[in-house]
Amino acid sequence: MRDVATLRIGPALKPRPPVPRITTPPEASPGRETAAASESSTASSTPAGRPIVEIDALNLFYGDKPALKNVTMAIPPHQVTAFIGPSGCGKTTLLRCLNRMNDLVEGVRITGTIRIGGEDIHAPTTDVTALRKRVGMVFQKSNPFPKSIYDNVAYGPRILGARARAHLDTVVERSLRAAALWEEVRDRLQESALRLSGGQQQRLCIARAVAVEPDILLMDEPCSALDPIATARIEELMEELKARYTIVVVTHNMQQAARVSDATGFMLLGELVEFGDTAALFTTPRDRRTEDYITGRFG
Ligand SMILES: Nc1ncnc2c1ncn2[C@@H]1O[C@H](COP(=O)(O)OP(=O)(O)OP(=O)(O)O)[C@@H](O)[C@H]1O
Ligand SMILES: [Mg+2]
């Protein structure tokens with residue numbers, strides 16, 4: 001395997017403020033435990049310089065089985081944050097926590113706190129639909145709806161109440177341009193999305209996700225089914241999209257993490273072993289387990 005120290009890497013991270021110890025009252029959400037109360041925060045937006053995502057002492061259990069163990073981290077806005085780690089270490093689970101998609105899984109129990117834009121996403125006042133608008137997701141396997149290209153992109157805005165055709169036309173074009181797909185599909189918007197190539201379908205799913213103007217875009221192995229050319233396009237896209245969105249990407253491809261991300265987290269058996277500046281993590285990892293993994297000695 002190629003020496004990771006020679007990989008092309010992203011720009012260095014600016015120093016981040018420490019993660020505040022924030023918890024919610026135990027009655028915040030039924031079926032959900034919280035850590036001992038400490039300070040609380042009344043912030044309702046993300047002031048400049050503050051992390052957009054703050055995770056504190058997060059544990060997640062599928063039934064009795066722990067899948068995330070005491071994860072504490074902060075994700076800065078307008079950067080690409082990557083998660084790497086062996087299969088089954090909890091990367092998808094962690095990603096799905098950020099828009100409460102694990103709520104849909106039977107028997108899930110969560111402790112700890114996740115704040116997005118300063119707001120506790122498990123607070124009783126949290127509108128989960130609004131949260132999922134704010135935190136969009138693109139999956140490993142592109143999953144366009146069996147509808148036209150146009151209707152795929154217009155789907156989210158329509159659910160949120162957009163009806164005027166001129167407005168939807170604008171949103172569809174803007175989103176397809178953002179996903180670097182417009183030029184390829186502008187003359188066939190009414191064709192079925194299922195007739196697009198795999199790489200085009202994945203960019204369509206990105207267009208669909210950005211159509212509702214999320215703050216955060218979660219991408220779970222978005223390139224694993226794509227060829228190197230389509231992968232390179234998605235990687236370029238991440239670089240462009242981070243000007244408008246915060247991107248959190250899971251990848252098995254360490255070269256990809258090193259190329260596209262500003263910060264990287266290495267996970268192992270549900271634990272966030274190490275998290276920090278991508279350049280530093282790949283060249284001078286602090287933890288022996290990270291070093292073993294990125295140099296291929298793991299296991
Ligand atoms: N719905 C579920 N019910 C029970 N256990 C689950 C469920 N989803 C995931 N798990 C378990 O939680 C652990 C973490 O799974 P997760 O999918 O988050 O891993 P991952 O790091 O994304 O793996 P991969 O790289 O293979 O996608 C695994 O042991 C998995 O078996
Ligand atoms: Mg996964």
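**A guided tour, beginning at helix α6**

Select helix α6 first: this helix lies across β6 and β7, running at about 170° to β6. The model on display is a predicted one. Helix α6 comprises residues 198-210.

Next, add strand β7, residues 216-220, and look at its pairing with β6: four bridges join the two strands, which run parallel. One position to label is Val135, whose bridge partner in β7 is Ile216. In general, the strands of a sheet pair through backbone hydrogen bonds, in a parallel or an antiparallel manner.

Now extend the selection to the whole sheet. Six strands form an open sheet with mixed pairing, in the order β6-β7-β8-β3-β9-β10. At its edges are β6 (135-138) and β10 (271-277), each of which pairs on one side only. On average, neighbouring strands of this sheet are turned by 15° against each other, direction ignored.

Return to α6 and select a second helix, α3, together with it. The axes of α3 and α6 come within 7 Å and cross at roughly 35°. On the α3 side, the contact is made by Ile149, Asn152, Val153, Tyr155 and Gly156, and on the α6 side by Leu204, Ala207 and Arg208. Coloured by class, the residues of this contact are five nonpolar, two polar and one charged.

Follow α3, residues 149-159, to Ile159. Is Ile159 buried or exposed? Ile159 is exposed, because 11 other C-beta atoms lie within 10 Å, and a residue counts as exposed at 12 or fewer. A distance may also be drawn from here: Ile159 and Val212 are 53 residues apart in sequence, and their C-alpha atoms are 9.7 Å apart in space.

The next stop is ligand 1. Which residues should be selected around ligand 1? They are Tyr62, Ala67, Gly85, Ser87, Gly88, Cys89, Gly90, Lys91, Thr92, Thr93 and Val105. Helix α1, residues 91-97, supplies the largest share of this shell, with three residues. By class, the shell around ligand 1 has four nonpolar residues, six polar and one charged.

Finally, display the whole chain. How many helices and strands does the chain have? There are 10 helices and 10 strands. Of the 299 residues in the chain, 43% are buried. Among contacts in the chain with a separation of 6 or more, 70% are between residues 24 or more positions apart.

How values were computed
Residues are numbered from 1 along each chain as its sequence is written. Chains are lettered from A and ligands numbered from 1 in the order in which they are written. This is a predicted model: local features need pLDDT of at least 70, side-chain atom pairs count only at pLDDT 80 or more; totals for chains, interfaces and linings use all residues. A residue is buried if 20 or more other C-beta atoms lie within 10 Å of its own, exposed if 12 or fewer, and partly exposed in between; C-beta atoms are placed from the backbone. A residue is near a molecule or strand if its C-beta atom, placed from the backbone, lies within 6 Å of it. Ala, Val, Leu, Ile, Met, Phe, Trp, Tyr, Cys and Pro count as nonpolar, Asp, Glu, Lys and Arg as charged, and the others, Gly among them, as polar. Axes are lines fitted to C-alpha atoms, for helices over the stretch in contact, and angles run from 0 to 180 degrees between N-to-C directions. Two residues are in contact if their C-beta atoms, placed from the backbone, lie within 7 Å. Two strands pair if DSSP finds at least two bridges between them.
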